[in-house]
Amino acid sequence: MAALYYHPAAGKAGLEAVAAASSSLALRPSQSKVLCVGSSRWWMRRRWEGKARASGISISSGARARPVARPALFSPVAMEWQECTTELEVDVPCSVAYQCYSERESIPQWMPFISSVKILEDKPDLSRWSLKYEVFGRNVEFSWLARNMTPIKNQKIHWRSLEGLPNRGAVRFFPKSSSSCRVQLTVAYEIPEILAPVGSALKPFMEGLLLKGLESFAAFAKERNSKIPQP
């Protein structure tokens with residue numbers, strides 16, 4: 001079988017030359033074969049159009065192959081909030097307990113797992129927190145940026161993290177008498193849903209840490225109250 005080569009860039013004149021050569025060789029259409037040699041892009045386009053037509057897809061003159069969307073390799077991890085709550089009666093008035101807890105940079109003095117709190121000078125409602133604690137013989141460290149939400153004086157202080165370790169919480173103050181109050185601390189943190197059973201198992205441990213912190217806070221607030229001149 002004879003083979004004649006034609007490049008698409010040669011245009012109509014080139015095709016006519018191929019036809020003339022075929023006639024001069026006295027080849028019947030079944031004996032001759034015209035091979036169109038072009039760029040790899042041109043060849044791949046023709047190949048794609050042929051497959052599309054075979055599948056019944058309509059091809060317009062300006063149509064181009066589009067990349068096929070592939071499923072993501074990893075699905076988003078489902079998260080859930082774990083909440084821990086503890087409370088303690090403190091022998092100081094609500095106003096004193098509220099004022100002591102409002103001093104965020106003093107919190108590391110009595111909360112065992114908070115290593116530092118730094119209030120942003122240009123945005124006093126924001127603060128950077130660092131957590132450092134040894135758990136099962138290993139040091140655990142986290143940090144986050146938190147925003148203090150609008151408080152209710154002598155009743156509630158609450159916050160939520162903006163970046164870093166996802167967490168939120170609130171401290172509520174309930175008067176018991178003119179010289180004592182009940183302080184309730186709630187902290188919630190976000191963990192992968194698959195670890196929820198582990199988080200539930202650790203909940204008593206976390207609440208124990210919070211209670212230990214409140215006990216230290218009670219001593220801290222009582223000492224502060226003793227320095228306030230009494231009427």
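## Briefing: pocket, helix packing and long-range contacts

Tryptophan 81 is partly exposed, its relative accessible area being 34%. This residue belongs to strand β3, which covers residues 79-90, and its C-alpha atom lies 5.5 Å from that of tyrosine 189, a residue 108 positions away in the sequence. Please keep in mind as you look around that the model is predicted. Tyrosine 189 also appears among the residues nearest the centre of the largest pocket, and that pocket is a good place to continue after a quick look at the overall layout.

**Overall layout**

- The chain contains 4 helices and 9 strands.
- Read from the N terminus, the order of elements is β-α-β-α-β-α-β-β-β-β-β-β-α.
- Of the 231 residues in the chain, 29% are buried.

**The largest pocket**

- The volume of the largest pocket is about 840 Å³.
- Its lining is made up of 33 residues, and those nearest the centre are Leu131, Phe142, Leu165, Tyr189 and Met206.
- Two or more lining residues come from each of these elements: α3 (94-102), β5 (126-135), β6 (138-148), β7 (156-164), β9 (180-192) and α4 (196-226).
- Helix α4 provides the largest share of this lining, with 7 residues.
- By residue class, the lining of the largest pocket holds 27 nonpolar, 4 polar and 2 charged residues.

**How α3 and α4 pack**

- Two packed helices can be described by an angle and a distance, both taken between their axes.
- For α3 and α4, the packing angle is about 110° and the axes are 10 Å apart.
- Because angles of 65 to 115 degrees count as roughly perpendicular, α3 is roughly perpendicular to α4.
- The crossing in which α3 passes α4 is right-handed.

**Three residues to find along α4**

- Serine 200 sits in helix α4 and has a relative accessible area of 42%, so it counts as partly exposed, a class that runs between 20% and 50%.
- The C-alpha atom of serine 200 is separated by 9.7 Å from that of cysteine 84, although their positions lie 116 residues apart along the chain.
- Phenylalanine 217 is also part of helix α4, and it is buried, with a relative accessible area of 0%.
- Phenylalanine 217 and leucine 88 are 129 residues apart along the chain, with their C-alpha atoms separated by 9.8 Å.
- Asparagine 225 is another residue of helix α4; its relative accessible area is 18%, and it is buried because that value is under 20%.
- From C-alpha to C-alpha, asparagine 225 is 8.8 Å from alanine 97, and the two are 128 residues apart in sequence.

**A backbone detail in a loop**

- Asparagine 154 lies in the loop between β6 and β7.
- Its phi is positive, at about 65°, even though this residue is not a glycine.
- Asparagine 154 has 25% relative accessibility, so it is partly exposed, as this value falls between the 20% and 50% limits.

**Worth keeping in view**

- Helix α4 ties several of these topics together: it gives the largest share of the lining of the largest pocket, it packs with α3 at about 110°, and it holds serine 200, phenylalanine 217 and asparagine 225.
- Along this helix, accessibility varies from residue to residue: serine 200 is partly exposed, whereas phenylalanine 217 is buried and asparagine 225 is buried too.

How values were computed: Residues are numbered from 1 along each chain as its sequence is written. This is a predicted model: local features need pLDDT of at least 70, side-chain atom pairs count only at pLDDT 80 or more; totals for chains, interfaces and linings use all residues. Side-chain values use heavy atoms; hydrogens and water are left out. On a 1 Å grid over the protein atoms alone, a cavity is a set of points where a 1.4 Å probe fits but cannot get out, and a pocket is an open set with protein on both sides within 12 Å along at least five of seven lines; lining residues have an atom within 4 Å of a point. Grid points are joined across faces, edges and corners, and a volume is the space filled by probe spheres set on the points. Ala, Val, Leu, Ile, Met, Phe, Trp, Tyr, Cys and Pro count as nonpolar, Asp, Glu, Lys and Arg as charged, and the others, Gly among them, as polar. Buried means under 20% relative accessible area, exposed over 50%, partly exposed in between (1.4 Å probe, protein chains only). Axes are lines fitted to C-alpha atoms, for helices over the stretch in contact, and angles run from 0 to 180 degrees between N-to-C directions. Angles under 35 degrees count as roughly parallel, over 145 as roughly antiparallel, 65 to 115 as roughly perpendicular and the rest as oblique. A crossing is left-handed if the near helix is turned anticlockwise from the far one by less than a right angle, and right-handed if clockwise.
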